[in-house]
Amino acid sequence: MQLDGKIPAGPLRDKWDNYRFKAKLVNPANKRKYKLIVVGSGLAGGAAAATLAELGYDVECFCIQDSPRRAHSIAAQGGINAAKNYPNDGDSIWRLFYDTIKGGDFRAREANVYRLAQVSNNIIDQCAAQGVPFAREYGGMLSNRSFGGAQVSRTFYARGQTGQQLLLGAYSALSRQIGAGKVKMHTRRELVDIVLVGDRARGIIARNLVTGEMERFAADAVILATGGYGTVFYLSTNADSCNVGAAFKAYKRGALFANPCFTQIHPTCIPQGGDYQAKLTLMSESLRNDGRIWVPKDPSDTRAPRDIPESDRSYYLEEKYPSFGNLVPRDVASRNAKEQCDAGLGVGPTGYAVYLDFADAIKRDGRDVIARKYGNLFDMYHNISDDDPYETPMMIYPASHYTMGGLWVDYELQTTIPGLFALGEANFSDHGANRLGASALMQGLADGYFVIPYTIGPFLADQGVSEVGVEHQAFADAAAEAAENDRKLLAIEGRRTVRDLHRALGKVMVDEVGMARNEAGLKKAIGAIQALREEFWQNVKVGGEQGNFNLALQKAGRLADYLEFAEVMALDALTRDESCGCHLREEHQTEEHEAQRNDEDFCHVAMWEYTGFGSAPEFHKEPLVFENVELSQRSYK
Amino acid sequence: MKWLTTTLGSSIGKKLLMAVTGLSFIGFLAGHLAGNLTIYGGADAFNGYAEHLHALGPFLAVAEFGLLGLFVIHVLVGLVLFWQNFKARPVRYAVNRSPGGKTIGSASMPYTGILILLFILFHLSNFSRFFVDQSGTTIYQIVSQAFQSPVYVGLYVLAMLVVGLHVSHGFWSLFQTIGLNHPKYMPAITVVGLVVSVVFALGFGFLPIYIAFIA
Amino acid sequence: MSTDTINITLKVWRQKNAADKGRFETIPVSGVDSHMSFLEMLDTVNEKLILEGKDPIAFDNDCREGICGTCGCVVDGIPHGPNKAMTLCQLHMRKFDEGDVIAVEPWRSRAFKVLKDLMVDRGAFDRIIQSGGYVSVNTGSAPDANALPIPMAVAEKAMDAAACIGCGACVAACPNASAMLFVSAKVSQLALLPQGRPEAAERALKMVATMDREGFGNCSNHRSCEAACPKEISIVNIARLNREFFKAGVLSEPI
């Protein structure tokens, strides 16, 4: 397969400018003749739909929730990075670029990441103009904080609800276009297939979740902004409706899936309570700015945390990483927590938790200051766990949170299917093997507001207005296939529910394809996934009926996708026989238990091509070329 | 003038009408109460007050018609709101519990309003010069005659409690509706509202008792 | 964390679709772990219903951490259940006692049609925002974010209002099914910030007009909305909306 990343020529700093200058434009009068489908209404999708409509395109936007305002971007707490350098502490576009590339352990494209850093500043301007109530200083200027291992304060925030406020900003821009009749919004719709005519994406089949009907939509281009696949682990910080479905359907129709094994495990989540649990709740990692992480030195120590004297505590992050301490990157923090618990030092009823202690911060700054910073998080924790973090340390444990892997896209964010674009978490492009804190919001909005509006033009200008409508046989075929799939699922009438099987898949993924992986475990996982897939298609009990709201049926379809996708993930993890970023292969560690990269053999994007149900996908790679940064061993000592 | 009908016809506009007319009734009641207090000065004082009022002649008529106008607005708009609010929830809850906020006063506004309307008609039929022939007698005589009946006394006292209840929500609520809710002043407004409703209930409510049993 | 289990009885609203009349169904639920969230309890009930070949209870939910605003039912007469300042997904079974009979109903409002069981259509909220709940600024045309200083107190007040999650509990709680708290939160956020001032008048007029058209009731200042709001949005915002609306209605000149 011929892969062209379409990286523009010229020095790194000029690539985006060069691209924009050379890009073919669509005549303003012609824009309304182009119909664009945007699937997803989160930061990437909402921003894209609004901006493309502002430019004059005819946009139809789809979301799985009952309102575009509820996309899972809303749950991001901490903040959004930008290279504004307002605090005058040495930040720059170059530094944000470098931190992001290095944070991703040199497994992302230089050109994409540099562009991301370049447009980061425009995002803050745009959001402030929309009325996003960012935190401010007394003088009225925007407030910044240091976040997730960055040594400059470049994170903008709106209390602990930055994602919510940014999403509501994008939602307001989208709403304005819906009100003006420029965007047609379809809520409670789930993409069930992408329709290709020839080799080009021409539309989608969407399930109307309320009526169960399969609806057909044709367009000149389809943009997927459907988020990540964190729920493959069953328990994750993701929302109930998050799923890999749209990206997986694209994969099945021929789009390559890049780096599926790059998943981020967030270090500060509330530990699991029982089997009934439906999700893990994330608490912003800004908590690590003031909280100190520790475990008892003695595994048999059963004293209440407050009764354990300093001398019997192990502040393992501060001891191991003196310069970063509790602010090491997410993967390092997560892995170390797992290490401590695996060594028997974990606390709490399951032994899979570590303490996050605010006693010193409260002593230093006073309860009021801490309450102002983290009050809502403390309340949330108190409610869920029934423990008061002002009085006793929190217990935390890592949970799946974000997926860096995604559909492979070129510099224009186009997948390997012409006319099919992927934005935000759904693509693989900017975070490499690990995402820095407060960078997901940045990437989603960058793709939506400032990249796709430019990069979709050349494709449309080249292709001209599509003549293919929903009457085309390909739409009827795809819709029939989707309905048939539903019928098949309902007819199995087995004995295990979708949730039950999903929980079983999640266990395999957490144990073997989670924070630390090894060859034997991954091979075991692949076998287990295949067995589960087989059981699913013979023994699942879906319930309910077609042609009505049927959550179990929706979820059965999503799990069916995961049971195929999980294998690709494990295979990718097995094939990437090195450690990098969040992907830790236990066979490849430095003496300090850091990820040991193998740049000679694995400095590439791994991509997988679908070859049919149950058959192994085909491997491709895009070599990564670093012309501007030197590949260094990450060290947070 | 479309802007006026649009503004006043909207949900908030209708509430404004209720608030402004309500405020003027509070003013009226304050004046009425002040006048009625002359009863404590004896028959002459009270009759003198009535004569003063009548001496206003056309001004009194203007005031009365003005009051009637405000009253009609308050009642009609109130009924419209009541009907709209009723229709806004076609299927009611099987279990009704308040999450807080709601008071007896606020919950009973439409009902106390209707009771007050009935009372006012009753009150006018008892004492107003439009309904009662006042020649050859004094207002004091009419009033003290009426309150010889314990039923009347009871009705009046009850009615005044209803008025107090209505005002207990109406007073602070009208400030909220007009937009005058400020964290600095609202606590004071709430207290004043409660004081005013108690003063109205006691001030008016004690008069029949005074006349019947003390004077 | 001790594990306690309780036995409860659900009296839950069942309605096949929007056209169906609906009725209450009584479902006994035994062995409920008190550390479960309310929605996890419903999950386990649904698992059982599916295995018994019955239709599971449809209820909206998504993030399960109280920020997306998707979930919400009236539990024992109170929207989002008995906890103050919390969404339904954050309600835990430890709030209930052995033998409790728990009534679960959907939001009730003419403007929120019941789609199935506990799921309602809150599209009216979206249409209200579409009619003016935004700042008309196209992507790319924004000045530097620090070009317009905003006093911290103002930004904080705007943030208080912006915390609204659009769940609809205010409407569900209001004896009149009024949407004033929701509308006032958005109007306030944008009226407080200088970025929102240029369109403040038009925004207030249009959003109120849409709100009225959607069939919500009128505000009677009961304050039930404020009491039920999981984000504790204050009715001070309603007063601000009223001010903005009158100012706009009386002073603004037709364009």
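**Note on chains A and C**

1. The domain assignment splits chain C into domain 1, residues 5–116, and domain 2, residues 122–251. The model is a predicted one, and the points below should be read with that in mind.

2. Between the C-alpha centres of domain 1 and domain 2 of chain C the distance is 29 Å. The two domains touch: 18 residues of domain 1 of chain C are in contact with 17 residues of domain 2 of chain C. On the domain 1 side of this contact in chain C, the residues divide into 10 nonpolar, six polar and two charged.

3. Chain A holds an open sheet of five strands, with parallel pairing and the order S6-S2-S1-S10-S18. Its edges are strand S6 (183–186) and strand S18 (420–422) of chain A, each of which pairs on one side only. From one strand to the next, the twist averages 20 degrees.

4. At the S18 end of the sheet, which strand does S18(A) pair with, and over how many bridges? The partner is strand S10 (residues 221–224) of chain A, and the pairing is parallel over three bridges. Within this pair, A:Leu224 has A:Ala422 of S18(A) as its bridge partner.

5. The strands S10 and S18 of chain A are also linked to a helix. Helix H12 (residues 440–463) of chain A lies across both S10 and S18 of chain A. The direction of H12 is at about 150 degrees to S10(A).

Terms used: Residues numbered from 1 in each chain as written. Chains lettered and ligands numbered in written order. Predicted model: local features only at pLDDT ≥ 70, side-chain atom pairs only at ≥ 80, totals over all residues. Pairing = 2+ DSSP bridges. Helix = DSSP H or I, 4+ residues; strand = E, 2+ residues; numbered from the N terminus. Axes fitted to C-alpha atoms, helices over the stretch in contact; angles between N-to-C directions. Contact = placed C-beta atoms within 7 Å. Domains from an automatic or database assignment. Nonpolar A, V, L, I, M, F, W, Y, C, P; charged D, E, K, R; others polar.
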